[in-house]
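Here's a friendly walk through one protein chain, meant for someone opening it for the first time. Have a look at it before reading on.

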Amino acid sequence: MVRWPWSARHEAGDDVRARVVPWALGSPLVVVGVVSLVHRLLGGAPGLETLLAALCGGLVSALLLLLLAAQAADRVDADARHRQDMLDAALRQALHDPLTDLGNRQLFTDRLQHALARRGSRGCAVLYLDLDGFKSVNDTHGHAAGDAVLVEVAHRLRAAVRPEDTVARFGGDEFAVLCEDLSDDLTASRIAERVVSSIADRPIAVGPERALSITPSVGIALARDEGDASRLLRRADAALYRAKEGGKARSELFDERMQAQAVDASQTEVDLAMAVEQGQLRLHYQPIVDLTDGHVQGVEALLRWQHPRRGLLHPGDFVPLAERTGLIVPIGQWVIREAWRTLQEWYAREGEDCAFTVSVNVSPRQLANAQLLDAVAAEQPAGPAGSALILEVSEELLVADANAGFSTLHALRMMGVRVGVDDFGRGVSSLSHLQTMPVDHVKVDRHFIAGLGRRHQDEAVVAGIIGMARSMGVGVIAEGVETTEQLSALRRMGCDAAQGFLLAHPGPVVDRERVLPEATAGMLHEVLHLDLDHHVPARRAALSPDVAAR
């Protein structure tokens with residue numbers, strides 16, 4: 001495109017101007033020359049008046065050409081500016097978050113790749129952060145309040161970091177900061193501290209008279225020799241997870257120990273994805289004993305993983321990873337299928353008199369997943385066995401996701417499934433939640449059970465929970481019972497049932513003839529003051545010894 005040397009615009013219309021204007025400027029002389037040539041051919045020289053008239057006509061034509069050229073050039077410029085504005089808007093939309101106007105993951109990753117390529121001897125770091133308990137903001141105060149929090153957090157992040165740092169929002173409540181040209185490793189930690197303080201120190205207003213205290217967790221990953229942006233982001237994510245494990249409103253720096261754990265977690269994730277298909281998961285059962293007459297009223301199904309190399313793994317070794325990756329959903333579906341199958345076999349063998357229940361823990365992801373109801377309905381047996389499954393949710397989950405949980409739990413109750421609340425008494429629940437939720441029983445948190453006989457405060461809490469639950473017609477189960485003093489105190493307070501190592505350890509098989517160990521039966525006779533020979537045989541559950549957890 002031809003550029004006008006005296007024009008600073010260099011717009012699309014310059015090409016029109018460059019082509020038309022020089023020709024228009026020369027057009028009067030062309031007209032005079034044409035008139036002179038015609039007169040000479042006709043045998044006479046043109047007069048001065050004739051030449052002046054021709055020149056005036058040429059000037060008028062030139063002015064018209066210039067006017068048309070200017071109008072055409074302006075239209076071309078306007079169209080080009082419109083197209084460029086649309087292109088800029090589309091590009092910005094593709095690379096920026098529409099809510100906070102921060103860069104998005106694509107822009108951040110692109111800048112991170114360039115930063116890693118040119119960093120030289122200077123340091124480079126990624127800060128990965130999210131907001132602690134942000135989901136409860138949307139659930140409790142609405143999405144408008146959640147959006148207001150995110151916008152204010154974005155504003156504070158910009159103010160907390162250096163001008164040359166890149167701040168991006170990855171989605172939800174996840175943010176990232178790219179710190180380039182670091183003089184030392186401590187600079188990244190200092191920036192992370194400023195980020196935490198900028199968000200946690202002042203409440204965020206979400207309405208005229210309402211403000212929320214929000215805290216972030218931050219993971220820091222320093223670029224060493226690696227040039228892989230995705231790997232650096234994974235390391236920052238691993239550090240973030242460690243920061244959240246350590247508490248709220250803090251940051252954590254990725255180190256080699258985390259690298260080994262990240263590699264192990266990656267391999268464990270691959271193995272766990274194959275565990276369901278290859279039949280490596282197991283259910284172990286722990287009896288729940290009725291404290292009124294000592295009979296076993298049911299069992300809790302506890303998940304185990306028979307790893308081909310690492311042996312039998314407990315939930316703490318793999319369930320947190322399954323939660324993060326979403327594998328807990330198919331695993332939870334398997335657990336529900338196996339619980340139904342076990343109940344169906346038990347009730348088929350023992351008939352209508354079988355009154356055993358199986359309790360299964362439900363994770364946050366399962367409760368939020370629409371497939372939970374389908375998983376329960378798919379294998380639900382007919383008859384009494386179809387009403388013997390108990391799904392237990394944590395008290396914290398029940399309160400944090402009250403709206404969604406309420407409808408899901410009601411739907412489960414309509415299907416004949418009972419509902420229990422696990423880890424009750426940690427202080428996040430309220431009487432109003434327990435009154436409105438469709439709950440059959442609560443399990444007192446093991447922390448308070450451990451204090452029975454040693455701490456008066458714990459005894460007061462347990463007694464209060466039992467009294468409150470009984471007044472509302474809700475059953476109470478104590479978990480983690482390990483001493484006869486605890487069992488005796490629970491019986492004295494009127495607790496309905498108990499489970500724990502004192503009574504029986506979880507096992508893959510529940511024996512039909514010996515539901516509880518012989519020593520446990522004797523202990524129950526002494527602590528509960530029962531005549532077990534009279535009470536227990538008539539109600540002792542008949543569980544087949546060959547029904548193993550699959």
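What follows is a short tour of a cavity, a few strands, a helix and some backbone oddities. One thing to keep in mind from the start is that this is a predicted model.

**An enclosed space**

Let's start inside. There is 1 cavity of 30 Å³ or more, and the largest cavity has a volume of about 40 Å³. Who lines it? V329, Q333, Q366, N369, Q371, L372 and A375 do the job. Two helices, α10 (328-350) and α12 (371-379), each supply at least two residues of that lining. The biggest share comes from α12, with 3 residues. In terms of chemistry, the lining of the largest cavity splits into 3 nonpolar and 4 polar residues, with no charged ones.

**Strands and hairpins**

Next, the strands. How many of the 6 residues of β2 are buried? The count is 5, so to speak of β2 (residues 166-171) as mostly covered is fair. This strand runs antiparallel to β3 (residues 174-182), and 5 bridges join the two. Across the pair, R169 of β2 stands opposite F175 in β3. The hairpin they make has 2 residues between the strands, and in it G172 takes a positive phi near 60°.

A second hairpin is formed by β4 and β5, again with 2 residues between them. Here 3 bridges join β4 (residues 204-207) to β5 (residues 210-212), and these strands also run antiparallel. G207 stands opposite R210 in β5. The two pairs can be set out like this:

| Strand pair | Residue ranges | Bridges joining them |
|---|---|---|
| β2 and β3 | 166-171 and 174-182 | 5 bridges |
| β4 and β5 | 204-207 and 210-212 | 3 bridges |

Another strand worth a stop is β1 (residues 123-131), where you'll find C124. With a relative accessibility of 2%, C124 counts as buried, since the cut-off is under 20%. What sits close by in space but not in sequence? The C-alpha atoms of C124 and E180 are separated by 4.6 Å, although the two are 56 residues apart along the chain.

**A helix with two sides**

Now for helix α17 (residues 456-471). At 1.5 Å a residue, its 16 residues should span 22 Å, and its end C-alpha atoms are indeed 22 Å apart, so the two values agree. Which residues of α17 are buried? They are D458, V462, I465, I466 and A469. Looking down the axis of α17, these buried residues fall within an arc of 95°, which means they line one face of the helix. On the other side of α17, the exposed residues are H456, Q457, A460 and S471.

**Two backbone oddities**

Most residues other than glycine have a negative phi. Against that background, A249 stands out with a positive phi of about 55°, although it is not a glycine. You'll find A249 in the loop between α7 (229-246) and β7 (250-253). Is A249 buried or partly exposed? At 33% relative accessibility, A249 counts as partly exposed.

D423 is the other case: it has a positive phi of about 55° and is not a glycine either. This residue sits in strand β13 (residues 418-424). With a relative accessible area of 19%, D423 is buried, because the cut-off is under 20%.

Technical notes:
Residues are numbered from 1 along each chain as its sequence is written. This is a predicted model: local features need pLDDT of at least 70, side-chain atom pairs count only at pLDDT 80 or more; totals for chains, interfaces and linings use all residues. Side-chain values use heavy atoms; hydrogens and water are left out. On a 1 Å grid over the protein atoms alone, a cavity is a set of points where a 1.4 Å probe fits but cannot get out, and a pocket is an open set with protein on both sides within 12 Å along at least five of seven lines; lining residues have an atom within 4 Å of a point. Grid points are joined across faces, edges and corners, and a volume is the space filled by probe spheres set on the points. Helices (H or I, at least four residues) and strands (E, at least two) are DSSP runs, numbered from the N terminus. Ala, Val, Leu, Ile, Met, Phe, Trp, Tyr, Cys and Pro count as nonpolar, Asp, Glu, Lys and Arg as charged, and the others, Gly among them, as polar. Buried means under 20% relative accessible area, exposed over 50%, partly exposed in between (1.4 Å probe, protein chains only). Two strands pair if DSSP finds at least two bridges between them. The expected span of a helix is 1.5 Å times one less than its number of residues. The arc is that of the directions from the helix axis to the C-beta atoms.
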